[in-house]
Amino acid sequence: MLKNYLLIATRNLLKNRMYSFINISGLAIGITCSVLIFLWVIDETSFDQFIPKVDRLSQVWSNAYFDGGIKSWKSVPLPVYEALKTADSHIKRVAVTDWGYDHLISTGGEKRLMKRGFYVSEEFLEMFEFPLLAGNAAQVLDDPRSIIISESVAKALFDNEDPINKTIRLDNEHELKVTGILKNVPKNSSFQFDFLLTWKFREQVSEWIKKNNTNWGNYSFQVFVETNEPGDKAAVDKSIKMMLQNHGEKDMKPELFLYPMPRWRLYSNFDNGVETSGMSDYVQLFTVIAVFILIIACINFMNLATARSEHRAREVGIRKSVGSRRVELILQFIGESTLISFLAFVIAILLAQLLLPVYNSLVEKELVINYASKEFWLISVGAILCTGFVSGSYPAFYLSSFQPVKVLKGKPTVGKNASLPRKVLVTLQFGFSILLIIGTLVIYRQIQLVKGRALGYDQENLVATDFTSEVKKNYIPIKLELLNSGVVEAVTRANSEITNINSNNFVGWPGKPEGLKVIFTTLVTEYDYTKTMGIKVIEGRDFSEDIKSDSSAIIINKAGLALMNLKEPIIGTELDLWDKKRKLIGVVDNVLMGSPYEPVKPLFMVLDDWGGSVTIRLKKTKDLQASINTVKSIFEKYSPAYPFTYRFADQEFQKKFTTINLTSKLASLFATLTIFITGLGLFGLAAYTAEQRTKEIGIRKVMGASVSNLVGLISKDFSVLVIISFVISAPVAWWLLDKYLDRYTIRTEIGWWVFPVTGVIALVFALLIVSTQALRAAHANPATSLRNY
């Protein structure tokens, strides 16, 4: 019987080639989209899951009251590290790390690498259990001058030699011994590093660390906790909550809490001290899109199968008359849909494999289809059966319900509402397509809004490079030679790049309300900063090398001035910073340095030599690479140990839009494919409708109906369905997008024009498809139509 069912299913596929092509290609494209989306979703949800004790690991966060609300930080004072070791019996281990930075590592010869490394305490590897290819996790960090390198770094520096006990030079200053080799850190890890250094070594070489060992007011360190059991978090939170306040930090009423590692990737956004969202929103969004795309592809099959029911009616009647039971017919039709699902799935996997390189480039990941995974095959079989059942269930129950007596006497009586389910399904298809089109347009407008904000500085030909130890020693001659090179307009240095300010502090001013705590973006720089960046001084003056007192002066931005509400004269007002008085000498225009989705924050600028980065304004030229080469040669002259690396400010700024750009690209791509799948189904349905009404069209044509009348006759029903789908989906789209945009302080308005434009696009798209079949039927010879029917 199974062989017979398979034979019949194959014959039907070959007999109805056009409808088979529409069904299989529609399902294949839908499954391909779903596979690609779920690969991305699985990668996002798998972050850190490879760590054995992930459910017992947490980072110590702090809630602090300032800026009119509760702000949540994942950085804490350094003394928290030691204090937590004895704070609660539920705590098994505590580790401290820095934020990870690029360092120069070399073997003393020509092999020099700039790689990212973390300073970590000795508990780190025992807690997070990153796999070691050589060395013992409990011992590799014992020697302060140890370095643990990844296998890729080991290969790059030592080729095939054994690196253990070999010497590596760090930042061209320190000799360290290799005591361990790490397996390369997976891409789906919250920690990304190429080597590890010991915290003990940092304490030995950094006076700043020594000063902060007892400083409870500097929130600059990452501290991690391993609890005895996954459920110990609540007890530890209660024990450590008031730790900072108990050590004198009363101003901001700071409170410590543990933030579990499984939530770092997907739920790391906080609003007023409460976890809100994160990447989880995008995971949920694209999961829903994947499911709906698959449903739309299934709807195509259901519509075409039920629409063509009359062609299978006689077969059903004969089978029932010779003894076939309804359940056998249902199994046959579901079997046919499962065969189509299987063929579509095979094609979809081939398409997905071919598209993966392009898709990986789009989502900036290294996704693969793991054919060796049992889960992959179980999910695949489940998806084939589920898709086959969903797409074939309604046609199977519908066709198997025909009564043999009525069928064998003539055409089955299907009732006036027989086409209603098809209309509902077409409406659902177009409704989802319209929703995706509206979403794509609104997200595009949001991107353009934030990208079009006034920057407050000039990004053109602005290049940043690292302020290394050698650059620090030779900064003055480097700057002079750059300015005399003929390709550089201005040079400055600062504690961080203009696109990535990473320091914040509190400022006091006359008349500041009691208890008000507002955080200021901190810029520690030198003369020529505003000139190099192209920042406008709107009041007062800039720092001047000719005025020695400027070393204790301060400049604020327009947002800071608006907050302070200072009395006239503003210039000359003394502000409180770091327990010292600083005279306000100028006000600069607001500069967009932080999130482009947030208002510009208050900022202050002071003079000092903290270092961080060097920024160079290149002169306008047609040969930018030649200018870069000139700059490179100067840096290599004074800093030969370090490879010259540089970053353009405009390119770094664009990285702030990575997530929303990805959302826009994926939404646009899958919206287009969804519309294509819907169009395939509509094409098949329109072709069948025209075929069914061939006799009617022939009679109408004989009676004098024009081609336009006939096209309008066939198109009218489909037009009504598109309009209904628009009326239903438009308000749903508005509500969902309004909720989505609420996450941004700087957000676009959902313009009214988006809806009629989308409605017209959907209607014209549907009419173009339907009209192709309607025109074909309208131009047919009526004599042939009436003779054949």
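This tour moves through a predicted model, from a pocket to aromatic pairs and then to a helix.

**The second largest pocket**

Begin by selecting D281, L285, L736, L737 and Y740, which of the lining residues lie nearest the centre of the second largest pocket. The space in this pocket comes to about 610 Å³. Extending the selection to the whole lining brings in 21 residues. Four elements each give two or more residues to that lining: α10 (279-307), α15 (420-451), α22 (658-692) and α24 (707-741). By character, the lining divides into 12 nonpolar, five polar and four charged residues.

**A stacked pair between α10 and α15**

Next, turn to the aromatic residues; the structure holds 42 aromatic pairs. Select F257 and F270, whose ring centres are 6.0 Å apart. The planes of these two rings stand at 50°, between the limits of 30 and 60 degrees, so the pair is tilted. F257 belongs to strand β12 (residues 255-260) and F270 to strand β13 (residues 270-271), with their positions 13 residues apart in the chain. F257 is buried, at 13% relative accessibility, whereas F270 is partly exposed, at 24%.

Then select F292 and F432. Here the ring centres lie 4.5 Å apart and the planes meet at 15°, so this pair is stacked. F292 sits in helix α10 and F432 in helix α15, 140 residues apart, and the pair thereby links distant parts of the chain. F292 is partly exposed, with a relative accessible area of 30%; F432, at 8%, counts as buried.

**An aromatic cluster**

For a wider selection, take F50, F118, F124, F128, F130, F191, F193, F224 and W264. These residues form one aromatic cluster.

**Helix α17**

Finally, select helix α17, residues 475-483. Which residues of this helix are buried? They are Y475, I478, K479 and L482. Viewed down the axis of α17, the buried residues fall within an arc of 95°, so they line one face of the helix. An α-helix has 3.6 residues a turn, so residues three or four places apart point the same way. To see what this buried set meets, display α16 (469-473), β16 (488-494), β24 (613-618) and α20 (624-638). The buried residues of α17 pack against these four elements, two of them helices and two of them strands.

Technical notes
Residues are numbered from 1 along each chain as its sequence is written. This is a predicted model: local features need pLDDT of at least 70, side-chain atom pairs count only at pLDDT 80 or more; totals for chains, interfaces and linings use all residues. Side-chain values use heavy atoms; hydrogens and water are left out. On a 1 Å grid over the protein atoms alone, a cavity is a set of points where a 1.4 Å probe fits but cannot get out, and a pocket is an open set with protein on both sides within 12 Å along at least five of seven lines; lining residues have an atom within 4 Å of a point. Grid points are joined across faces, edges and corners, and a volume is the space filled by probe spheres set on the points. Ala, Val, Leu, Ile, Met, Phe, Trp, Tyr, Cys and Pro count as nonpolar, Asp, Glu, Lys and Arg as charged, and the others, Gly among them, as polar. Buried means under 20% relative accessible area, exposed over 50%, partly exposed in between (1.4 Å probe, protein chains only). The arc is that of the directions from the helix axis to the C-beta atoms. Contact means heavy atoms within 4.5 Å. Rings of Phe, Tyr and Trp (its six-membered ring) pair if their centres lie within 6.5 Å; planes under 30 degrees apart count as stacked, over 60 as edge-to-face and the rest as tilted.
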